[in-house]
Amino acid sequence: MREICVVTGSRAEYGLLSGLLQSIEKERDMRLQLVVTGMHLSPEFGLTYKEIEDDGLTIDARVETLLSSDTPVGIAKSMGLGTIGFADAFARLRPDLLVILGDRYEVFAAAQAALVMRLPVAHIAGGDVTEGAFDDALRHSITKMAHLHFVTNEISRRRVLQLGEDPDRVFNVGHLGLDRLDALPKMSRAALEKELPFKFREKNLLITFHPVTLDAQPSGVQFEELTRALEELGVDVGLIFTHPNADTEGRSLIHQLEEFTARHSNAAAFPSLGQRRYLSLMAQADAVVGNSSSGLYEAPSLHKPTVNIGDRQKGRLMAESVIGCPPDQEAIKNAILRAFETDCSAVINPYGSGGSAAKIIEILRAAPNFKSLLKKKFHDIDWTDV
């Protein structure tokens, strides 16, 4: 029985991982160990660990990382707390393999602890580029601490190889988020209105705006440009917000969001919607707006246009349904109006069509003793072909 430990720290990340977690649980020769951290444990961000338990999963360890501060110093201290907490959790659970996804700082802390504890790491979604956030550097650093790589597209696979990873350990499995699109039954508009304190309008937008940790222009200023653009659309456009991540300036963005929704009857904000309601809202919305990766990953498969604001996601592979614009009031408004007129029925998602969890499970089944992965060699590229 091989112990597979998976770490999750945010609602979005858990949504992507959920299908894989269920698949690991069904394997006869694998046992899932689930470690929950970050925003999942915070009342401020919706205590989303309860959604994990509602899905029937057992939480094996909880690692507290969040401080009541979203300053750079606060985030740096949270990373330190995470490394300490993960070290204790891994020492107690003694997993055979750690599986982590993405680029958040709590995931980086888990990788740090695993590295010095000789715990092999499988990393999902390496090789992506997001130039507008320090997540970019964290993601590439995690790649160098990982031993198996499950990337989402061919371009990202090449980037991981460029970082010196062994081609035999890098697998293009597509994007996990697409697995759940078919697995989760969507709620009707009437059912959503019954569950949520929100009345759909003639047009409706699903909006998520996360902090931009590397931009010269503060996140709050950019969010103000967004809200001014939304005001120009009028009260006949429904505005459904999800809260930003617990990154630098995240709490100040939540405060701005709460002030905005309090003044506008056509707007509502939710700390967490859960997977089913979030994807159902996306299916019902006329466009996805903000700087969240879900507008790039899931929205194209639901044939919905995305207005991607600013540089936070700059560098990622994007479908033709993604409309980019700077964080400027007029540019955002024009991009939304363009989205309302965009037909996405024939859009092809560059991240595949699902089945990623099954591919990962098959690779893990075939892997030898995970400890044999610990020794890595830097794989040099044949520069004669470049």
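This report describes two sheets, the helices on them, and one surface patch in a predicted model.

Residue numbers start at 1 along each chain as its sequence is written. Local features need pLDDT of at least 70, side-chain atom pairs count only at pLDDT 80 or more, totals for chains, interfaces and linings use all residues, and side-chain values use heavy atoms, without hydrogens and water.

**The seven-stranded sheet**

Helices (H or I, at least four residues) and strands (E, at least two) are DSSP runs, numbered from the N terminus. Two strands pair if DSSP finds at least two bridges between them. One open sheet has seven strands in the order S3-S2-S1-S4-S5-S6-S7, paired in parallel. Its edge strands are S3 (61-63) and S7 (170-172), each pairing on one side only. Neighbouring strands here are turned by 20° against each other on average, direction ignored. Strand S1 (residues 2-8) runs parallel to S4, joined by three bridges. Cysteine 5 has leucine 98 in S4 as its bridge partner.

**The six-stranded sheet**

A second open sheet has the order S10-S9-S8-S11-S12-S13, again with parallel pairing. Strands S10 (267-270) and S13 (322-325) each have a single partner strand, so one side of each is left without a neighbour in the sheet. Four bridges link S8 (residues 203-208) and S11 (residues 287-290). Isoleucine 207 sits opposite valine 289 in S11.

**Helices on the sheets**

Contact means heavy atoms within 4.5 Å. Axes are lines fitted to C-alpha atoms, for helices over the stretch in contact; angles run from 0 to 180 degrees between N-to-C directions.

| Helix | Strands touched or crossed | Angle |
|---|---|---|
| H1 (residues 11-26) | S1, S2 (30-37), S4, S5 | about 165° with S1 |
| H14 (residues 356-366) | S1, S2, S4, S5, S6, S7 | about 165° to S6 |
| H11 (residues 274-284) | S8, S9 (237-242), S11 | about 135° to S8 |

**Buried helix, surface patch**

Buried means under 20% relative accessible area, exposed over 50%, partly exposed in between (1.4 Å probe, protein chains only). In H5 (residues 135-145), the buried residues include Asp135, Asp136, Leu138 and Arg139. Their cover includes helix H3 (72-93), strand S4 (97-101), H4, S5, strand S6 (148-151) and helix H6 (154-162).

Methionine 117 lies in the loop between helix H4 (105-116) and strand S5 (121-124). Its relative accessibility is 33%, so methionine 117 counts as partly exposed. Leu115, Val116 and Met117 form a nonpolar surface patch, with about 280 Å² of accessible area together. Patch residues have over 30% relative accessible area and no salt bridge; like charges are joined within 9 Å, nonpolar side chains (Val, Leu, Ile, Met, Phe, Trp, Tyr) within 5 Å. Areas come from the Shrake-Rupley method with a 1.4 Å probe; for residues, only the protein chains shown count as cover. A salt bridge is a side-chain nitrogen of Lys or Arg within 4 Å of a carboxyl oxygen of Asp or Glu.
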